[in-house]
Amino acid sequence: MLLLDTATVPVADRIEIFNAAMLDASVPMTITHEQPEQPIHARMQLWNLGVGELFTSDNSGFRLRRARRHLSMDGRPYLALALQATGLCQFEQFGHQQMVQRGHLMLNDLTAAYDVNWSGLGGSRCFQLPYDRLGLPVDLIRAAVPRIHTSPLYDLVRHHLNYLSSEADRLLDDPGLTSLGNATTELLTEADLGPQRIAAAHNISRRQLYTLFRQADISLEQWIITQRLEGARVDLSSPASQHRTIAAIARSWGFAGPSHFTTRFRAAYGLSPIEYQQYPDAPDRK
């Protein structure tokens, strides 16, 4: 869906309309244009892919700054994975500064402060995903921000986002669009979340990790299972996932098979996964 094309907007109105469109598609922040005295140029598009959104913007130089004062304002609890399509982007979050070159990715936690800008014409292809769809702890996600380039899926994901953005209009009416959104989401999540990955993300040993959880009187293994079950429960409740099999949802959240998943799910929520999916208003839901 086309959100904005400044070619159809009077020059005097462009900044105001651009700012409104950007804030509508993202979160509260301060928008500064590189040359506000000159006519700005922008083309923004947004597609709903079921579990997430694809947002693209090609525009003249600007700066987006989400400061601490913005965090108390209404904002969507989203994570954004962006491909720099053109231009050179400067990105800073959690004290980490990054120069994002054309064809490279950046991971942006939209619930936190950040600073992103580019000079001259540039373009971004961004997949925005709700936090509750990830099933991962916020601290783990934030620890991944400066390390995204180390992922073995890095090249696959950036090529996938480039394909999505170039073919989005053609795919819009395809009945498999939601499945494509689910597949994109699964590329961004880690089904093999475990103690070693959590410890590595926080630069501590597994022993230290277990000690921290023991001091908090929390079972690490049970906490991981709980996070996965909650992510699966959200999927089962979502109309966008009604076409997916129980086995597919179980696999996407790291369960080895549907039988084990069903046993765990029934113990947690009082219904089997298929009952939960088919009878959303069942009175015996936990």
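Let's begin at Leu-81: select it and look across to strand β11, where Phe-127 stands opposite. Keep in mind as you go that this is a predicted model.

**Stop 1: strand β6 and its partners**

Stay with Leu-81 and look towards β9, where Leu-107 also stands opposite this residue. Now select the whole of strand β6, residues 78–86. Is β6 mostly covered or mostly open? It is mostly covered, with 8 of its 9 residues buried.

Next, add strand β11, residues 122–130, to your selection. β6 and β11 run antiparallel and are joined by 8 bridges. Then add strand β9, residues 105–109. β9 pairs with β6 in the antiparallel sense too, over 5 bridges.

**Stop 2: a pair of rings**

Time to look for aromatic side chains. How many aromatic pairs does a search of the whole structure find? The search finds 6. For one of them, select Phe-18 and Phe-62: their ring centres are 5.9 Å apart, with 80° between the planes, an edge-to-face arrangement.

Colour helix α1 (residues 14–25) and strand β5 (residues 62–66) to see where these rings come from. Phe-18 lies in α1 and Phe-62 in β5, so the pair ties together parts that are 44 residues apart in sequence. Residues under 20% relative accessible area count as buried. Phe-18, at 1%, is therefore buried, and so is Phe-62, at 6%.

**Stop 3: a cluster of rings**

Now select Phe-265 and Tyr-276. Their ring centres lie 5.4 Å apart and their planes are at 80°, so this pair is edge-to-face. It links distant parts of the chain: Phe-265 is in helix α10 and Tyr-276 is in helix α11 (residues 273–278), 11 residues apart. Phe-265 is buried, with a relative accessible area of 0%, and Tyr-276 is buried as well, at 4%.

Add Phe-261 and Tyr-269 to the selection, and you have a cluster linked by ring pairs, together with Phe-265 and Tyr-276.

**Stop 4: two crossing helices**

Finally, show helix α8 (residues 220–237) beside helix α10 (residues 258–269). At what angle do they pack? The angle is about 90°, and their axes are 11 Å apart. That makes α8 roughly perpendicular to α10.

Zoom in on the place where they meet. On the α8 side, select residues including Ile-225, Leu-229 and Arg-233; on the α10 side, Phe-261 and Phe-265 are among those they meet. The residues of this contact divide into 8 nonpolar, 1 polar and 3 charged.

Methods:
Residues are numbered from 1 along each chain as its sequence is written. This is a predicted model: local features need pLDDT of at least 70, side-chain atom pairs count only at pLDDT 80 or more; totals for chains, interfaces and linings use all residues. Side-chain values use heavy atoms; hydrogens and water are left out. Axes are lines fitted to C-alpha atoms, for helices over the stretch in contact, and angles run from 0 to 180 degrees between N-to-C directions. Helices (H or I, at least four residues) and strands (E, at least two) are DSSP runs, numbered from the N terminus. Angles under 35 degrees count as roughly parallel, over 145 as roughly antiparallel, 65 to 115 as roughly perpendicular and the rest as oblique. Contact means heavy atoms within 4.5 Å. Ala, Val, Leu, Ile, Met, Phe, Trp, Tyr, Cys and Pro count as nonpolar, Asp, Glu, Lys and Arg as charged, and the others, Gly among them, as polar. Rings of Phe, Tyr and Trp (its six-membered ring) pair if their centres lie within 6.5 Å; planes under 30 degrees apart count as stacked, over 60 as edge-to-face and the rest as tilted. Buried means under 20% relative accessible area, exposed over 50%, partly exposed in between (1.4 Å probe, protein chains only). Two strands pair if DSSP finds at least two bridges between them.
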